[in-house]
Amino acid sequence: PMSRPMFCSTTALSALHVKDATLSALHVNDATALERTFAHLTAPALETLEMGLGGRTPDTARTIGRALLRRKVHAVLDKSNGFGDVEAGLDIALPEAMRSRCLKQYGGLSPTTWRDCLSRLKTLSGDSREQLWSYVIAHPMTEYVPNQCQRCGHIVPDETTPGYTDAEVGISEVPPTASERPFVRGGYYRGARSAVA
């Protein structure tokens, strides 16, 4: 019978276990800092992590690589286990005002959940996915809500509110003051722009 090739020697495996234990100890000491390091793994952060694990060695690289992969896998598993689950959102009860708007706009039975609304839209669109998407985009649950004051409800004009220019809203661009200058830069947004505040 053919034997499998050994990718790591027994010594290398024990060295990896030591590195894993060291990484676990770093997590116990300061989990937040370690999570921040892995979330934004810049060159200086990687170097600090390598030094905390005993220097830049192949074993250290393997340990960090495995930790990065585990982090990604666990993030995917968290999402698939209900974090950000779209299905759960389909069964949330609609407010009465939304129910009456949907009934008036689309007919049929009064919907009690978003799932009911989608079922009605599917019925109305027949087999046309394009029609279904046009219904979903125009639906009260997905319509654009303008920026507004949280206290009084006054709608704040923004770039998607037609009929308002910067001058009408009271916005203007001026050269930055000496204290603002280090924090302002030019760039390209709807054409070349100089540094303004």
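1. To start with burial: 20% of the chain's 197 residues count as buried. Keep in mind that this is a predicted model, so what follows is a reading of computed coordinates.

2. On the overall layout, the chain has nine helices and two strands. Reading from the N terminus, the order is α-α-α-α-α-α-α-α-α-β-β. As for long-range pairing, take the contacts with a separation of 6 or more: 39% of them are between residues 24 or more positions apart.

3. I'd look next at how α7 and α8 meet. Helix α7 covers residues 114-125, and its axis is 8 Å from that of α8, with a packing angle of about 140 degrees. That value makes the pair oblique, since the roughly antiparallel class takes angles over 145. The crossing of α7 past α8 is right-handed.

4. Which residues make that contact? From α7 they are Leu118, Leu121, Lys122, Leu124 and Ser125, and from α8 they are Gln131, Leu132, Tyr135 and Val136. By class, this contact of α7 with α8 comprises six nonpolar residues, two polar ones and one charged one.

5. Histidine 139 deserves a moment of your time. Helix α8 spans 129-138 and α9 spans 166-169, and histidine 139 sits in the loop between them. Is histidine 139 buried or exposed? Its relative accessibility is 1%, so histidine 139 counts as buried; the cut-off for that label is under 20%.

6. What does histidine 139 touch? Leaving aside residues up to four places away in sequence, its contacts are Cys102, Tyr106, Trp114, Cys117 and Leu121. One of these, Leu121, also belongs to the α7 side of the contact with α8. The side chain of histidine 139 has a polar partner as well: one of its polar atoms is 3.0 Å from the backbone nitrogen of methionine 141.

7. Serine 100 is my last stop. It belongs to helix α6, residues 96-106. With a relative accessibility of 40%, serine 100 counts as partly exposed, because that class lies between the 20% limit for buried and the 50% limit for exposed.

8. How does the side chain of serine 100 relate to the backbone? A polar atom of that side chain lies 3.0 Å from the backbone oxygen of alanine 97. Serine 100 can also be paired with serine 110: the two are 10 residues apart in sequence, and their C-alpha atoms are 7.1 Å apart in space.

Technical notes: Residues are numbered from 1 along each chain as its sequence is written. This is a predicted model: local features need pLDDT of at least 70, side-chain atom pairs count only at pLDDT 80 or more; totals for chains, interfaces and linings use all residues. Side-chain values use heavy atoms; hydrogens and water are left out. Helices (H or I, at least four residues) and strands (E, at least two) are DSSP runs, numbered from the N terminus. Buried means under 20% relative accessible area, exposed over 50%, partly exposed in between (1.4 Å probe, protein chains only). A polar contact is a pair of N or O atoms within 3.5 Å; within protein, one must be able to donate a hydrogen and the other to accept it, and residues adjacent in sequence count only if both atoms are side-chain atoms. Contact means heavy atoms within 4.5 Å. Axes are lines fitted to C-alpha atoms, for helices over the stretch in contact, and angles run from 0 to 180 degrees between N-to-C directions. Angles under 35 degrees count as roughly parallel, over 145 as roughly antiparallel, 65 to 115 as roughly perpendicular and the rest as oblique. A crossing is left-handed if the near helix is turned anticlockwise from the far one by less than a right angle, and right-handed if clockwise. Ala, Val, Leu, Ile, Met, Phe, Trp, Tyr, Cys and Pro count as nonpolar, Asp, Glu, Lys and Arg as charged, and the others, Gly among them, as polar.
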